[in-house]
Every structure is written in structure tokens, then in C-alpha cells.
Amino acid sequence: MHYGEVVRGTFLSRPNRFIARVMLEEGEAVCHVKNTGRCRELLVPGAPVYLEAAENPARKTRWDLIAVEKGELLINMDAQAPNKVFGEWAAAGRFLPEVTVIRPEYTWEDSRFDFRLETPAGPCFVEVKGVTLEENGRALFPDAPTERGVKHLRGLARAVEQGYRAAVFFVVQMKGPKSFSPNGATHPAFGGALRAAAAAGVEVYACDCRVTPSSLVLDAPVEVLL
């Protein structure tokens with residue numbers, strides 16, 4: 001996926017989870033943060049960040065914060081990007097080569113999964129999670145407790161029990177981590193739910209990305225360590 005006009009700035013502060021103050025060449029700007037997660041290890045004063053110009057010029061905030069540099073890593077932190085790049089990946093036959101129809105935001109029982117992929121062998125439900133947290137070469141999810149994420153995993157496990165194929169796909173929004181693991185220090189219940197889902201037959205994948213300030217593309221599998 002590609003962005004439109006992108007500029008580089010310096011992160012100053014985050015008054016709340018929706019907006020950030022950033023210094024640009026023309027002066028200080030208030031921008032929309034396209035990720036409501038904590039991102040405390042990313043959005044630190046002085047960090048180089050990248051902003052995309054909003055499509056609506058009349059919008060209150062002209063810019064969207066989409067990426068940040070953390071040391072040598074360039075991390076896309078757009079929470080909408082993982083579903084977009086996975087959709088492109090699936091449409092190109094990179095996830096399941098036999099996919100005939102892609103149905104986003106599919107409701108099944110009391111769960112709303114990101115995708116239902118139709119194949120000649122039957123449907124496959126997929127839940128996509130974006131990963132922006134990296135520690136010592138490991139990608140970790142989540143960066144904050146997520147009861148919604150636990151609910152999704154339990155829904156996928158129920159789907160497998162009823163004969164469906166189901167998967168959770170972690171989009172690592174950077175290039176560099178050698179492995180992916182659930183973040184037990186932040187939310188032990190999510191790690192437990194992920195291991196239980198895997199034991200029930202839910203497929204678990206992680207894939208890193210090639211990241212530029214103006215693009216994000218799924219690239220290569222990352223080892224999953226549960």
C-alpha cells in the first residue's frame with residue numbers, strides 16, 4: 001500500500017491518544033495519530049516521524065502520523081494499514097493461492113473477523129493484528145491489554161471446532177525482528193488465549209514488512225514462538 005504526500009517531522013508530545021504535536025519545517029503542527037495504542041516506546045520527544053497529508057483539506061488536523069523511526073528501525077504505526085496490506089497479500093494469492101472471494105469484516109456468531117476467504121475447500125476466517133512493539137529483536141503483541149483480541153481468538157477456536165479453517169495473522173509493521181511472541185508481560189490472558197487457539201487448530205502466522213515513509217508491503221515470514 002502507498003500513501004500520498006508524506007513529510008518528515010520531529011515528535012514533540014501526545015496530549016491524548018488521538019493527536020500529537022510535531023515540529024515541521026514550517027513550524028509546529030497538530031496531527032492525528034492513526035494508532036490509539038500506547039506506543040510509549042515509539043512516540044518519545046525528539047523521535048523522527050512521518051506524516052501523511054489528509055485527503056480532506058478542510059479537516060481540522062491537516063496531517064496523519066503514520067510512521068516513526070526507532071533507532072535504525074522505521075516502524076509503520078498506522079493501525080489501518082495491516083488489514084490493507086493483508087488484503088493485498090490475499091488478493092495476490094500469497095496467503096491462500098486458491099482464494100476465490102475475499103469478504104472483509106465478516107460477522108460469524110458473536111464474532112466479527114477481519115476477513116472471510118472463500119476457497120474451493122471451504123471458507124477460512126482470518127483475524128489480522130498489527131504489531132509495532134519490538135524488544136531486542138523480538139516482535140511482541142499486544143502493547144496494551146486487549147480483551148477484544150482475546151475474544152477474537154476464542155471465536156476463531158470455536159470456528160475450528162465447528163469445522164472451519166481459521167487463522168490469526170500478525171503483520172509486523174517493520175523489518176528486522178527475528179521472531180514474534182505474545183506479550184505476556186503486558187497481557188498474560190492474550191498469550192494464554194493464543195496458545196489455546198493454536199492448540200485447537202487455529203493457524204498462527206507472522207510476517208514482517210518492507211517499510212518506507214510512504215509505503216508498506218508484506219515481505220517475509222517471521223518465526224512464531226508461543
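Helices here are DSSP runs of H or I, at least four residues long, numbered from the N terminus. In this predicted model, helix α1 covers residues 81-91, and what follows α1 is G93, a residue with a positive phi, near 75°. As for the helix itself, its buried residues are A81, P82, V85, F86, G87, W89 and A90. In general, an α-helix has 3.6 residues a turn, so residues three or four places apart point the same way.

Next, the sheet. Four strands make up an open sheet with mixed pairing, and their order is β10-β11-β13-β16. The edges are taken by β10 (133-135) and β16 (223-224); each has a single partner strand, so one side of each goes without a neighbour in the sheet. Further in, β11 (residues 138-141) pairs with β13 in the parallel sense, over four bridges. Across from R138 in this pairing sits S179 of β13. Lying across β11 and β13 is helix α3, made of residues 188-200, which runs at about 110° to β13.

Then there are the charged side chains. In general, side chains of opposite charge can pair when their charged atoms come close. The model holds 15 salt bridges, and a few of them are worth walking through.

One of them joins K175 and D208, with N to O at 2.9 Å. This pair ties together distant parts of the chain: K175 belongs to the loop between β12 (165-172) and β13 (179-182), D208 belongs to strand β14 (residues 203-212), and 33 residues separate them. Surroundings vary within the pair: K175 is partly exposed at 39% relative accessibility, whereas D208 is buried at 6%. Nor does the pair stand alone, as K175 and D208 are linked with R210 and D219 in a network of salt bridges.

R59 and D64 form another salt bridge, at 2.8 Å from N to O. Here R59 has a relative accessible area of 29%, so it counts as partly exposed, while D64 is buried at 7%.

What about K129 and E127? Their side chains also meet in a salt bridge, this time at 3.4 Å, N to O. K129 has a relative accessible area of 7% and is therefore buried, the cut-off for that label being under 20%. E127 is buried too, at 2% relative accessibility.

Definitions and conventions:
Residues numbered from 1 in each chain as written. Predicted model: local features only at pLDDT ≥ 70, side-chain atom pairs only at ≥ 80, totals over all residues. Heavy atoms only, no water. Buried < 20%, exposed > 50% of the residue type's maximum accessible area, 1.4 Å probe, protein only. Helix = DSSP H or I, 4+ residues; strand = E, 2+ residues; numbered from the N terminus. Salt bridge = Lys/Arg side-chain N within 4 Å of Asp/Glu carboxyl O. Pairing = 2+ DSSP bridges. Contact = heavy atoms within 4.5 Å. Axes fitted to C-alpha atoms, helices over the stretch in contact; angles between N-to-C directions.
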